[in-house]
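Work through the following exercises with the sequence and the three-dimensional model side by side. Each one sets a task and then gives a solution in steps.

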Amino acid sequence: MSAASGPVLRAELCVDTDAFAALAEPWGRLYRACGAATPFQSHAWLSSWWHSYGRRGRLRVLLIRDAADHLVAAAPLMRVHRPIPALKPLGGAISDFADVLVDDARREAGLRALGEALYGLARTALLDFREARPGACVEDVYRDWPGPKRMLADSSCLELPAMPMEDLLKRLPTPRAQRTRAKMRKLAALGVESRIVPCTDVEESVRTLLHLHQLQWRGRKVTSEHLQPRFHEHLLRSMRPMVAAGEAVVTEFRLDGQVVAADLTLLSDTLAGGYLYGADPQLRERKVDVATMLLEACTRHTGGERPRTLSLLRGTEPYKQHWRPEPVTNQRFLLARRRTAPLLSAACGDASARQWLRTQRRRRGEHREGGASS
């Protein structure tokens, strides 16, 4: 299926899983040419996610090509039918950021062609771009959209500047910084050693990470999807090509010759995101500050010739607040045409209802805590 996008660029719609899998090389070039891209837009992540989570007949990957057949822009989408007909980004709930890709060198023409092609797709479905990080390419698509549209706040994230660990410590109050330095000295005294896992060992290391992740959360509340076979298969399938391409790094921590923790950090040109870790419960029994150990490892990938923001990704858990991060709110962009405007209204109504329910649950929780302490 194709649509005209002016005299130079043309749009194609990829609906075949094998055809999407075959786009690794040209997609990689486009990904590297898009400064706003996050690791969740890499081909290895998206194609592996679709293999684990996609449903037959739902793939809708919009491709913008030039006369030489080079990719200039792309929108990795899928069709959903519930609760309303919509096109949503690939990656789902396990991806912290979603976006389209546009070659920075041809940004104006690429955005124009992509916007025109997306407008055509909006004839029969709402375009629902969730979890767009500030500065995402889809912001410009939204800005120029000619039809009904709405922007809503989405998940909260926390970010730290591209600094080495010692500079991050200088941001903390002196007593807290001193305690953290003491914890780091204890790590060294215990003999905890770290190593970056080479590409050839990534699959084995990811298996170890997933096992340690299960151990650390045993008997505690955990993200249930992280325990599912399809999630494990996705990580095992995607990490080796991502590590090979410099889009991810796995770090192992050893104590007395045994792997006691492992961390997965995802990388783009401007971002390093601590995605998942696993730690043996014995570390906490030995009073090891696992969070400090992991953050120090992540900071090794934020400096150098390509400074990267250190994203703590979605969620504002108390342990993240320890480092005085900057709050950043993802955005949700809803795009429609006149005939699909009722779908946009329905999505906004659903979002408002869910927000009201979350507020009520929080208030009930605060009320119960207040009653228990009185």
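A residue is called buried when its relative accessible area is under 20%, exposed when that area is over 50%, and partly exposed in between. The model used here is a predicted one.

**Exercise 1. Confidence**

Find out how far the model can be trusted along the chain, and name a stretch where pLDDT stays under 50.

Solution. Begin with the chain as a whole, for which the mean pLDDT is 93, with 95% of the residues reaching 70 or more. Then turn to residues 1-6, where pLDDT stays under 50 and where the model has 11 contacts beyond four places in sequence. Where pLDDT is low, the predicted coordinates should not be read in detail.

**Exercise 2. Two cysteines**

Decide why cysteine 34 and cysteine 137 are not joined by a bond, and state whether each is buried or exposed.

Solution. The cut-off comes first: a disulfide requires two cysteine sulfur atoms within 2.5 Å. Next, take the distance from the sulfur of cysteine 34 to the closest cysteine sulfur, that of cysteine 137; this is 3.6 Å, and therefore too far for a bond. Looking from the other side, the sulfur of cysteine 137 has that of cysteine 34 as its closest cysteine sulfur. Finally, consider accessibility: cysteine 34 is buried at 3%, and cysteine 137 is buried at 0%. The number of disulfides in the structure is 0.

**Exercise 3. Salt bridges and their surroundings**

Classify arginine 107 and aspartate 104 by accessibility, and say in which network they take part.

Solution. The side chains of arginine 107 and aspartate 104 meet in a salt bridge, with 3.8 Å from N to O. Arginine 107 has a relative accessibility of 24%, so it counts as partly exposed, and aspartate 104, at 39%, is partly exposed too. Extending the search from this pair, one arrives at a network of salt bridges that links Asp104, Arg107, Asp140, Arg143 and Asp144.

Now examine two further salt bridges, glutamate 225 with arginine 230 and arginine 354 with aspartate 350, and describe the accessibility of each partner.

Solution. In the bridge between glutamate 225 and arginine 230 the closest N and O atoms are 2.8 Å apart; glutamate 225 is buried at 16%, whereas arginine 230 is partly exposed at 40%. For arginine 354 and aspartate 350 the N to O distance is 2.9 Å, and both residues lie in helix H13 (residues 341-373), 4 residues apart, which is about one turn of the helix. Arginine 354 is partly exposed at 47%, and aspartate 350 is partly exposed at 31%. Over the structure, the count comes to 27 salt bridges.

**Exercise 4. Aromatic rings**

Describe the geometry of two aromatic pairs, phenylalanine 20 with tryptophan 27 and tryptophan 49 with tyrosine 53.

Solution. A pair of aromatic rings is described by the distance of the centres and the angle of the planes. The whole structure yields 9 aromatic pairs. One of them joins phenylalanine 20 and tryptophan 27, whose centres are 5.6 Å apart and whose planes make an angle of 75°, an edge-to-face arrangement; both of these residues are buried. For tryptophan 49 and tyrosine 53 the centres are 5.5 Å apart and the planes stand at 10°, so this pair is stacked. Both residues belong to helix H3 (residues 43-53), where they are 4 residues apart, about one turn of the helix. Tryptophan 49 is buried at 5%, as is tyrosine 53 at 16%.

Which charged residue lies over the face of phenylalanine 97?

Solution. Phe97 belongs to an aromatic cluster together with Phe40, Trp45 and Tyr275. Arginine 133 lies over the face of phenylalanine 97, at 5.9 Å from the ring centre. Elsewhere, lysine 149 lies over the face of tyrosine 142, at 4.8 Å from the ring centre.

**Exercise 5. A residue in a strand**

Locate threonine 251 and list its contacts beyond four places in sequence.

Solution. Threonine 251 is part of strand S10 (residues 248-255) and is buried, with a relative accessible area of 2%. Outside its neighbours within four places in sequence, threonine 251 is in contact with Ser194, Arg195, Ile196, Ala261, Ala262, Asp263, Ala297 and His301.

Conventions
Residues numbered from 1 in each chain as written. Predicted model: local features only at pLDDT ≥ 70, side-chain atom pairs only at ≥ 80, totals over all residues. Heavy atoms only, no water. Buried < 20%, exposed > 50% of the residue type's maximum accessible area, 1.4 Å probe, protein only. Phe/Tyr/Trp six-rings, centres within 6.5 Å; stacked < 30°, edge-to-face > 60°. Helix = DSSP H or I, 4+ residues; strand = E, 2+ residues; numbered from the N terminus. Lys NZ or Arg CZ within 6 Å of the ring centre and 35° of its normal. pLDDT = per-residue confidence, 0-100. Contact = heavy atoms within 4.5 Å. Salt bridge = Lys/Arg side-chain N within 4 Å of Asp/Glu carboxyl O.
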